[in-house]
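Biologist: Please show me how to read a model, one feature at a time. I would like the general idea and then the case at hand.

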Amino acid sequence: METTEKTPSLVKMFLKKMLQNKLACFGLLMIFLIVVLAIFAPLIATHQPNVMDTGATLLGPGQDGHLLGTDNYGRDLFSRIVYGSRISLIVGLGAVAVGSVIGILLGLVAGYFGGWLDSIIMRFMDALAAFPFILLAITLMTVLGTGLINVIIAVGIGNVPGFARMIRGQVLSVKEELFIEVTNSLGAKQARIIFIHILPNCLTPIIVYATMNVAGAIISEAALSFLGLGIQAPTASWGNILKEGKDYLIVAPHIAIFSGMFILLSVLGLNLFGDGLRDALDPKTRA
Amino acid sequence: MSDDSNLLSVKDLSIDFLQEKTAVRAVDQVSFDVKKGEVLGIVGESGSGKSVTVTSILKLLPENARYTEGSISFKSEELLSMKEKQLRKLRGNEISMIFQDPMTSLNPVFTVENQLVEAIRLHAKLSRKKARQEAIRLLQIVGIQEPEKRIKLYPHEFSGGMRQRVMIAMAISSSPSLLIADEPTTALDVTVQKQIIDLLKELQQKINTSIIFITHDLEVVADLADRLLIMYGGQIVESGPAKTIFANPLHPYTRLLIEAIPHGNKKSGRLPTIEGNVPSLSEIPQDVCRFKERIPWIPDQAHEINPKLREVEPEHFVRCTCYKHFWMKEAHEKK
Amino acid sequence: MESAILLETQDLEKNYTLKKKTLFGKKAEVLQAVNKVSLAIHQGETLGIVGESGCGKSTFARLITRLIAPSGGKVFFDQKEITAMAQPEVRSLRKDIQMIFQDPYASLDPRKRVLAILTEPLEIHGIKTAKERRELAYEMLEKVGLQREHASRFPHEFSGGQCQRINIARALILRPRLVICDEPVSALDVSIQAQVLNLLLDLQEEFHLTYVFISHDLNVVRYFCDRIAVMYKGEIVESGDAETIYQAPVHDYTKKLLQAIPKSIESNEE
């Protein structure tokens, strides 16, 4: 019993579990590569993303020094995709941040206090969730207007009901735990019970859910841009590159293929990573 | 072993649990016999290996468990080499089990009748009507009043004690030759506990089944068990006829278990305690007396290396020689 | 030896309304969990409350700590009526009345280290500086028989007995006057039970504590308590000196309880 060895920190145990999972490592690698692309975009891009060259439109991959070819305006596709990763990441993370903060707060309040407050909040969430997501985003974008911030807000609001429902369910079970009653018996105020005891005990599934939702948000951005409601030309985003590629599917399929592939890989990476997170964070699999 | 009076005979049974990279020994060289019509009490605390030992008899251990050594023979048939199909015939038929939590052992969506009739028809080819009559008879045996009415109820409509009675009825429905009771009264109130123990005693006499009764509380089995096994850290530390052990407990663990239950009031002073904690399986010292750490007042040289069970009087076995130095406790406490 | 009354209940009641759905609409059924309980607990004594599951003893514990509100009756602590207090007052009352619960693991937040668990009560009541709180936590940890090193661990790294020690340390760090122990040893192994009981007795002497000790185990209650109140279906059916009740029970239910205690051959001779 008198072992003086320090107990391994949770972070270390978590990393160990994570590294054992090959698929999750692959996912993490994908995410890492995209983050590198986004951060070092000016260094990695071979051309200016928005500079047109009417003499070199719709070039195939590898032609004339264009790694992935050019689009209908003669812009370098590789460079556009590299810069587009910035938009995708910002929208993905930003939208999830907006959605989770609002969703978690609403879910905590609804779950902890219950009663009519719970009914009002959750019915509102149900109504929000009942809208097809893309329809909701389109409505919001029409009201808010286009632009990066508005895309983040629109996609973020679409994420709120999911987070709220999830955390409410967690709160309902955690608040019945004995240690919550004990904390109450110590004389703690409600804010302390909610934020210091209940919230940390609800976070595990939320982290996993958030990771997966980043992937969802990236797709949503692409979808909005594809519909012409998101990021406006000439700014490159994976969505609007795909949209432009659509018109040249027959003559220059590489535009749609490459932009689509990046969307696919980033989403796949995030999902695999999310799966790995779930396993690594599960206390039952922790020996 | 060819002794015909032995219904069940466990020899040198060792069971390991595989954990990531290491194997942890949960049961170490356990041997015991259960005679026909006998009640064997297995006593130990959490992590003593008592539950693992009995679940291993039915081969119901979790997937990461390995039988590393030993044999289990039931009616002179080896269970460890038996096929799953044959085993299934034994389970719930020749050998039945009742568990600690009667709440979760019954299926909440079916009535007691459904479950009891199903259990009966699993083992006997009876018509539904006949099986129902049998079910009512069983409920009567286990002391449930107005069984014709109660049989239609759902498990949640019964109290904890009643549910345990239903479980017992189900367990004896096949007239098993061996009934394994794994802490069947731990979750129940004292008055109900007494009723269940009395019931088991009565049943044992009526239908002459052998019973293995597992508990953490020595006193519960005091007037039920014929023989006792005291387990600690996966090993048997003392075994013998219940009367002998209560009259003359020898191993320090047994003695402290008996003393740790308060029998007086505060004025009689502090309770005698066992130092330290019940070790988890991976922390248990090997090759030495496993109880050593908790009886520091006994000098090291009093312990055996790799202690074996030794017969100290007829049928009374004790592990390690340290028990001879138990008297040193008083001097230790005065300090 | 009669010392001042620390806590007193007068006709304390708690009813729960169960809504039963029948074929013809809802039917309300009133369940009396605690029914007109009047008890007095004197300074420095240990009052045992014995009863079986569902008799209302845990509800009673939560009523006198105001974790739940009574349906009727009054509770006085140190002559102040706590049933009439507003929430902020109740919160500061917690410094004087603490609880220890049955399940040692579930009582601890699994995501907090022991140090954070022990300093929390002080933090809540804004007592002392962060450094002093830590020192006090270490000191308390040693008082309950654990070591300083244990402070950086998580609850799941401890055995049940050790967790209960942590719970005791947390309950006592505020130096309460009354500690309500709700089946504090019944989830523990027999050999650990005695350790924890002894610890509680040692701490009672050291800190001059008053205990309300709730248990279903008459052997333990007889050993641990000065007075016993036997509870049955929400009512106190018998109360008095522990040894008297144990030797000469009057009420039928008490007799039944005593008869049900399993007795080994040895203790029969006693």
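Biologist: Which elements each supply at least two residues of the lining of the largest cavity?

Modeller: A cavity is a set of points on a 1 Å grid over the protein atoms alone where a 1.4 Å probe fits but cannot get out, and lining residues have an atom within 4 Å of a point. Helices (H or I, at least four residues) and strands (E, at least two) are DSSP runs, numbered from the N terminus. Here the elements are α8 (178–185) of chain A, and β6 (97–100) and α5 (160–172) of chain C. This is a predicted model, in which local features need pLDDT of at least 70 and side-chain atom pairs count only at pLDDT 80 or more, while totals for chains, interfaces and linings use all residues. Residues are numbered from 1 along each chain as its sequence is written, chains are lettered from A and ligands numbered from 1 in the order in which they are written, and side-chain values use heavy atoms, with hydrogens and water left out.

Biologist: Which residues line the largest cavity?

Modeller: From chain A the lining takes Val182(A), Ser185(A) and Leu186(A). From chain C it takes Gln98(C), Met99(C), Ile100(C), Phe101(C), Ser107(C), Asn167(C), Arg170(C) and Ala171(C). By class, 6 residues of this lining are nonpolar (Ala, Val, Leu, Ile, Met, Phe, Trp, Tyr, Cys and Pro), 4 are polar (the others, Gly among them) and 1 is charged (Asp, Glu, Lys and Arg).

Biologist: How many cavities of 30 Å³ or more does the structure hold?

Modeller: There are 4 of them. The largest has about 50 Å³ of space, where a volume is the space filled by probe spheres set on grid points joined across faces, edges and corners.

Biologist: Now burial. How many of the residues of α10 in chain B are buried?

Modeller: Buried means under 20% relative accessible area, exposed over 50%, partly exposed in between (1.4 Å probe, protein chains only). Helix α10 of chain B runs over residues 252–260, and 7 of its 9 residues are buried. These are Pro252(B), Tyr253(B), Thr254(B), Leu256(B), Leu257(B), Ile258(B) and Ala260(B). For chain A as a whole, 47% of the 287 residues count as buried.

Biologist: What is the make-up of chain A in helices and strands?

Modeller: Chain A has 11 helices and 0 strands. Its C-alpha trace spans about 75 × 50 × 25 Å along its principal axes.

Biologist: Which residues form a nonpolar patch on the surface?

Modeller: A patch is made of residues with over 30% relative accessible area and no salt bridge; like charges are joined within 9 Å, nonpolar side chains (Val, Leu, Ile, Met, Phe, Trp, Tyr) within 5 Å. Here Val101(A), Ile102(A), Leu105(A), Phe195(A) and Ile196(A) form one, with about 410 Å² of accessible area together. Helices α4 (77–113) and α9 (190–226) of chain A each give two or more residues to the patch, and the largest share, 3 residues, comes from α4(A). Accessible areas come from the Shrake-Rupley method with a 1.4 Å probe, and for residues only the protein chains shown count as cover. Phe195(A) belongs to helix α9 of chain A and is partly exposed, at a relative accessible area of 43%.

Biologist: How many salt bridges does the structure hold over all chains?

Modeller: Side chains of opposite charge can pair when their charged atoms come close. A salt bridge is a side-chain nitrogen of Lys or Arg within 4 Å of a carboxyl oxygen of Asp or Glu. The structure holds 38 over all chains. In one of them, the side chains of Asp118(A) and Arg168(A) meet at 2.7 Å, N to O. Asp118(A) lies in helix α5 (residues 115–130) and Arg168(A) in helix α7 (residues 148–174) of chain A, so the pair ties together parts that are 50 residues apart in sequence. Asp118(A) is buried at 12% relative accessibility, whereas Arg168(A) is partly exposed at 23%.

Biologist: How many residues apart are Asp126(A) and Arg123(A) in their helix?

Modeller: They are 3 residues apart in helix α5 of chain A, about one helical turn. An α-helix has 3.6 residues a turn, so residues three or four places apart point the same way. The side chains of Asp126(A) and Arg123(A) form a salt bridge of 3.1 Å, N to O. Asp126(A) is partly exposed at 25%, and Arg123(A) is exposed at 52%.

Biologist: How far apart are the closest N and O atoms of Glu205(C) and Arg270(B)?

Modeller: They are 3.3 Å apart, in a salt bridge. Glu205(C) lies in helix α6 (residues 190–207) of chain C and Arg270(B) in the loop between α10 and β11 (309–313) of chain B, so the pair joins two chains. Glu205(C) is exposed at 54% and Arg270(B) partly exposed at 34%. Elsewhere, salt bridges that share partners join Asp71(A), Arg75(A), Arg80(A) and Glu244(A) into one network.

How values were computed: On a 1 Å grid over the protein atoms alone, a cavity is a set of points where a 1.4 Å probe fits but cannot get out, and a pocket is an open set with protein on both sides within 12 Å along at least five of seven lines; lining residues have an atom within 4 Å of a point.
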